[in-house]
Amino acid sequence: MTKIMDNGKVLSQDELSKDIYSIWIKTDIAKTTKPGQFVNVYTKDPSKLLPRPISICEVDKDSIRLVYRVTGENTGTKEFSNLKTGDDIKVLGSLGNGFPTDSKSTILIGGGIGIPPMLETAKQLDGEKIIVLGFRDSNTFLANELESYGKVYIASEDGSIGTKGNVLDAIRENRLSAERILACGPTPMLRAIKKYADENNIECFLSLEEKMACGIGACLACTCKSSEIDSHSKVKNKRVCTEGPVFNASEVEL
Amino acid sequence: MINTKVKIAGVEFKNPVTVASGTFGHGEEFADLVDINRLGAVTTKGVANIPWEGNPTPRIAEVYGGMLNAIGLQNPGVDTFIERDLKFLKEKDTKIIVNVCGRSVEDYIETVERLSDEDVDMFEINISCPNVSHGGIAFGTNVESVSEITKQMKAHSKKPIIMKLSPNVTDITEIARAAEAAGSDALSLINTITGMKIDINKRCFAIANRTGGMSGPAIKPIALRMVYQVANAVKIPIIGMGGIATFEDAVEFMLAGATMVSVGTANFFNPNASIEVAEGIEKYLENNGFKDVNEIIGLVK
């Protein structure tokens, strides 16, 4: 699929929760996007060289929505959060492979800033859907929107909302099961889900994250360990940006 | 009509712009975004005799005005390179410079021999990667080993060779002279400068290898100084690189004595940077009354 470097236009931006922003960008990238893919977003600050890879949360006909966390003062994401309607934003996409969306009963699991790609995925997924979200505390986001597509279960680390604990605690407490799991979130969460899916014989797809430079498969910064020799790299490494970010859990070592 | 052609060791390039090894994959990765036919040459990612796994992740970190990398020369090996990557590049109307890496002199020899009868134009010999424990920079930081590996490459290669020099040495002109004396056809410089970043929240190194090679606009003044020094120390042509992101940067390197320039890290934040640099150089020549790009090489003494 052709990748496009585009000068997008900001349509709107809101803060959904503390440090969590939602931005709609008008761009031709929308026409070719699949759920679970990501875009590179470029800062205007020349001291910050590298694009920020951000997963696509939602797609409309000619625009995409990104939901992202501002990671600190003087960061690229802080700069993005100050963009206003009508501003330009340079984006490259669509990147990566995306989630499978054929009809199977599915548990969609999102942890923290791994939640956003689950919205478009839930929207496009055929079949029965259960959605499990993990948060640190009661500062939730996207949970209400996800309710339109399936029953939502919440876990929070401090127990202030939903099941106290992690997403697997919520799955066990509510005795949830399905033919397939799709998950995105921090690596320790994905590692636990991979083990859980394996033990319970559930097909499982994980969206991984790794530091990236180019986002298009050239720099080989964002590799993950694969269980077999990869057909492209000829070693037990896969590129998260190109062969991923979504992998069948059995293909990768976490 | 302005001449943008340059010649190195008998190889003619349509313009003086290539891409720095490791920042452009083998070319195909950028094919959607860059018209490869408009480049003077593609310089490939490092190729070894067998596939290399590279280093653990995280392999990169952003730093002010640049980045650190410790990829560790992951590559699919020379056989896959020939069957897949070279096949793609051969279809393009550009010259092909294959960057060669190895852990031992024998590794380098094997790769160069395997590629010598293929349709490649030059070899760039990587004796300056700071991120691998054997090979790479180990060959490039003392005069005797540079001299030895250069001689071996000349003896086994049917194509002209470019020795790629490390800035992580006390006196780069000494290394450059050794490579020239041993028969190198050209030199490329600089490779990355060893650096470090620490994550103060996790209290650990930002990249798994602890140190990484720094690249990007922040290193340009150092690279430019070294290109100038080497240009005044040797007679063989130089491919200048290190932080080049715009045509202005490239013109500086050529004025300092580089015959060609490589765009590296800039490819990550502007995939079309190399083409913009090539176009910009031509405009610069036109605007300043030059008829031939060769007129500006080493113009600033």
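Two residues count as in contact if their C-beta atoms, placed from the backbone, lie within 7 Å. By that rule, the contact between chains A and B takes 25 residues from chain A and 32 residues from chain B. The side of chain A that touches chain B has 13 nonpolar, six polar and six charged residues. This is a predicted model.

## Chain A overall

Chain A has five helices and 17 strands. Its C-alpha trace spans about 50 × 45 × 35 Å along the principal axes. A compact globule of 254 residues would have a radius of gyration near 18 Å; chain A has 17 Å, which agrees. Of the 254 residues, 52% count as buried. Among contacts in chain A with a separation of 6 or more, 57% come from residues 24 or more positions apart.

## Two domains in chain A

Chain A is divided into domain 1 (4–95) and domain 2 (106–253). The domain centres, taken over C-alpha atoms, are separated by 21 Å. Across the boundary, 21 residues of domain 1 are in contact with 19 residues of domain 2. Several strands of chain A each supply at least two residues to the domain 1 side: β1 (4–17), β3 (38–41), β4 (52–55), β5 (58–59), β6 (63–69) and β7 (88–95). Strand β6(A) gives the most, with three residues. By class, the side of domain 1 that touches domain 2 has 14 nonpolar, four polar and three charged residues.

The record adds a label here. UniProt, in an unreviewed entry, annotates residues 3–101 of chain A as "domain: FAD-binding FR-type". That span is 6% helix and 46% strand, and its end C-alpha atoms lie 21 Å apart.

## Strands and a helix in domain 2

Strand β10 (residues 151–156) of chain A pairs with strands β9 (residues 129–135) and β11 (residues 163–164). Six bridges join β9(A) to β10(A), and the two run parallel. One of the bridge partners across this pair is A:S156, which faces A:F135. Two bridges join β10(A) to β11(A), also in parallel. There, A:A155 has A:T163 as its bridge partner.

How many of the eight residues of helix α2 (residues 117–124) of chain A are buried? Six are, and the helix is mostly covered. The buried residues are A:P117, A:M118, A:L119, A:E120, A:T121 and A:A122. In general, an α-helix has 3.6 residues a turn, so residues three or four places apart point the same way.

## Three positions in chain B

The table sets out the C-beta neighbours of three residues.

| Residue | Other C-beta atoms within 10 Å | Exposure |
|---|---|---|
| B:I2 | 14 | partly exposed |
| B:K45 | 28 | buried |
| B:C129 | 26 | buried |

**B:I2.** This residue is found in the segment before β1 (6–8) of chain B. Why is B:I2 partly exposed? A residue is buried with 20 or more other C-beta atoms within 10 Å and exposed with 12 or fewer. B:I2 has 14, so B:I2 falls in between. Leaving aside neighbours within four places in sequence, B:I2 is in contact with B:E282, B:L285, B:E286 and B:K291. B:F268 is 266 residues away along the chain, and its C-alpha atom is separated from that of B:I2 by 30 Å.

**B:K45.** This lysine is found in the loop between β4 (41–43) and β5 (60–63) of chain B. Is B:K45 buried or exposed? B:K45 is buried, because 28 other C-beta atoms lie within 10 Å. Not counting residues up to four places away in sequence, B:K45 touches B:S21, B:G22, B:G25, B:H26, B:N75 and B:N99. B:L73 is 28 residues away along the chain, with 8.0 Å between the two C-alpha atoms.

**B:C129.** UniProt lists B:C129 for "active site", in an unreviewed entry. Where is B:C129 found? The residue is in the loop between β8 (122–126) and α3 (137–140) of chain B. B:C129 counts as buried because 26 C-beta neighbours lie inside 10 Å.

Note on methods:
Residues are numbered from 1 along each chain as its sequence is written. Chains are lettered from A and ligands numbered from 1 in the order in which they are written. This is a predicted model: local features need pLDDT of at least 70, side-chain atom pairs count only at pLDDT 80 or more; totals for chains, interfaces and linings use all residues. Two strands pair if DSSP finds at least two bridges between them. Helices (H or I, at least four residues) and strands (E, at least two) are DSSP runs, numbered from the N terminus. Ala, Val, Leu, Ile, Met, Phe, Trp, Tyr, Cys and Pro count as nonpolar, Asp, Glu, Lys and Arg as charged, and the others, Gly among them, as polar. Domain bounds come from an automatic or database domain assignment. UniProt positions are given in the numbering used here, feature names are shortened, and annotations may be inferred rather than shown by experiment. The radius of gyration is taken over C-alpha atoms; the globule rule is 2.2 Å times the number of residues to the power 0.38.
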